[in-house]
Amino acid sequence: MFSRQVCCAVFISILMVCAANLAISRTFDQIVAYVNDEVITYWELENLVRQRALELSQIHNFSKREAAEKAQQERSELLDRLIRQMLLVETALTLKVEITNEELETHIKTFKQRAKIETQEEFVKQLKAEGLTVPAFREQSKRNLMAERLLERRIFPRLQVRDSDVLEYFEQNRDRFTTKADILQLRHILVAFKPSEADRKEAFKMAEVAHRSAKEGADFEALAKQYSRARGARGNLKPGPALELSLDEIDKLPKPFRDSLRTLTENEIGDPVEDENDIYIIKVERKTGQTIKFRYLAIKLTVGEEGIQSAQERADLVYQKLLQGEDFNSLASRYSDDIQTRANGGDLGSHSLNELTAETQSAVERLEIGEFQAPVKMRFGFHIFKVDSRSRPELNDAERNQIRSMLRQQKFEEEWKSYTDMLLENAYVKIKSLDQGRLEP
């Protein structure tokens, strides 16, 4: 089954052109190439280019313009394939390779099915439109089958693909198998960027200006738009617009919000308060026994070079301790700034490589079980990752067969070229340059 599919890929696109060699007079056609005692004409090459454009359009979904341009770019390659095919046919004729009438009839029937030709009348009509006759088509079909049989004998025995070849291809091309990424059990230590004292002073200066303006009666929402540079409390409250929450909802907010909203009275503006990432200024507009209506603005604590350098030094210290053999889990519990994972030794759980961010994937994809890497700078700080376990997915039968078929196709192309290269070395081939009107070897 494989042999027929492969050979169809090589022969079907040039079958009609080769048949034309036996059907039409080329006395007045310009010669493109000489191949031993045969010639290839400009009409034959142009017909092959048109067929290639049709294939690109119908099978590969190129637009008509793109297909025509691509086919023209492949003129030299198409001519080379046509020359090699002619040499294969000539060799098959010389060796008197046998094809039975039954095989020929099956081949022609398959050709009609591929071309969606339902009746003999339609078949004759289409051949005539191409300048062909049924006898000429049958003769060249037989010759192409002889060339195919020749390849079956000379090339196909060398197209064996071992299981190790399949696995090697899979290992070298894992990125092409999006559903076959390794599953990693990861741990990490995060040494976060933290604002230095100079960073805090700069942010508080801005907060004091905003606080003073609010106290003097400036529009609070306008101030929030002017000064807010934060993501919002817990990522769900947006600075500026009025918010009204129940007391139960207030209790779920970060500590600076809870403390300020409990102590402030209606129409009161609180002093700037700080958490790990931002400085907040909060204004209460209405307060009842059930709800509090308030606004706030947030000034982000931006980390400067001093804070980044400090994080680098702390991360390097942790890394050195790891190199000296200290336990990763213990170091994560002592030094990691990731509140959610440090209590359990930095455990991030199991993840497919494809699920990780590009930065994290790049950091861990080459780590083996038990390995950790030097601190990697990311958005919020320096990370040290460790792989606790790694499972490599297995190929299913369909995927193995797909790879095996692709590798056999690659081998066929290599062997086909090698064999036809040998035929070319012993053939007389001259290609004529249409532009310059001369022959080139």
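1. Arg158 is partly exposed, with a relative accessible area of 43%. The model shown here is predicted, and this residue is a handy place to enter it. Arg158 forms a salt bridge with Glu415, and their closest N and O atoms lie 3.0 Å apart. The pair links distant parts of the chain, 257 residues apart. Arg158 sits in the loop between H7 and helix H8 (163-172), while Glu415 belongs to helix H17 (residues 397-425). Glu415 also counts as partly exposed, at 22% relative accessibility. The cut-off for buried is under 20%, so Glu415 with its 22% misses that class.

2. Stay on helix H17, which also holds Arg400. Is Arg400 in contact with residues beyond four places in sequence, and if so, which residues are they? They are Val166, Leu167, Glu394 and Leu395. Arg400 and Leu167 are 233 residues apart along the chain, yet their C-alpha atoms are separated by 8.4 Å. Arg400 counts as partly exposed, with 21% relative accessibility.

3. Now the overall picture. The protein chain has 441 residues, and 42% of them count as buried. Its secondary structure comes to 17 helices and 13 strands. Take the contacts between residues at least 6 apart in sequence: 68% of these join residues at least 24 apart. The accessible surface comes to about 25100 Å². Carbon and sulfur atoms account for 48% of that surface.

4. Confidence comes next. The chain averages a pLDDT of 85, and 89% of the residues score at least 70. Which elements have the lowest and the highest mean pLDDT? Strand E13 (residues 438-440) is lowest, at 39, and H14 is highest, at 95. Residues 1-17 have a pLDDT below 50. Beyond near neighbours in sequence, that stretch still has 51 contacts in the model. Residues 436-441 also fall below 50, with 12 contacts of that kind. Read both stretches with their scores in view.

5. One sheet deserves a look. Four strands form an open sheet in the order E9-E3-E11-E10, with antiparallel pairing. The edge strands are E9 (347-352) and E10 (376-377), and each pairs on one side only. Two bridges join E10 to strand E11 (residues 381-391). Val376 stands opposite His383 in E11.

6. Helices cover this sheet. Helix H13 (residues 305-323) packs on it, touching strand E3 (183-192), E10 and E11. The direction of H13 makes about 35 degrees with that of E11. Helix H14 (residues 328-335) lies across E3 and E11. H14 runs at about 40 degrees to E3.

7. Another pair of strands shows an alternating pattern. Which side chains of strand E4 (residues 243-246) are buried? Leu243 and Leu245 are, and they point to one face. Glu244 and Ser246 point to the other face and are not buried. Four bridges join E4 to strand E8 (residues 291-300), and the two run antiparallel. Within E8, Ile292 is the bridge partner of Leu245.

8. Back to charges. The count of salt bridges comes to 29. One of them joins the side chains of Glu103 and Arg149, at 2.7 Å from N to O. Glu103 lies in helix H5 (residues 101-114) and Arg149 in helix H7 (residues 134-154), so the pair ties together parts that are 46 residues apart in sequence. Are the two partners buried or exposed? Arg149 is buried, with a relative accessible area of 16%. Glu103 is partly exposed, at 27%.

9. Two further cases round out the set. The side chains of Arg334 and Glu326 meet in a salt bridge at 3.5 Å, N to O. Glu326 counts as partly exposed, with 29% relative accessibility. Elsewhere, Arg52, Glu55, Lys70 and Glu74 are linked in a network of salt bridges.

Definitions and conventions:
Residues are numbered from 1 along each chain as its sequence is written. This is a predicted model: local features need pLDDT of at least 70, side-chain atom pairs count only at pLDDT 80 or more; totals for chains, interfaces and linings use all residues. Side-chain values use heavy atoms; hydrogens and water are left out. Two strands pair if DSSP finds at least two bridges between them. Contact means heavy atoms within 4.5 Å. Axes are lines fitted to C-alpha atoms, for helices over the stretch in contact, and angles run from 0 to 180 degrees between N-to-C directions. Buried means under 20% relative accessible area, exposed over 50%, partly exposed in between (1.4 Å probe, protein chains only). Accessible areas come from the Shrake-Rupley method with a 1.4 Å probe; for residues, only the protein chains shown count as cover. A salt bridge is a side-chain nitrogen of Lys or Arg within 4 Å of a carboxyl oxygen of Asp or Glu. pLDDT is the predictor's confidence in each residue, from 0 to 100.
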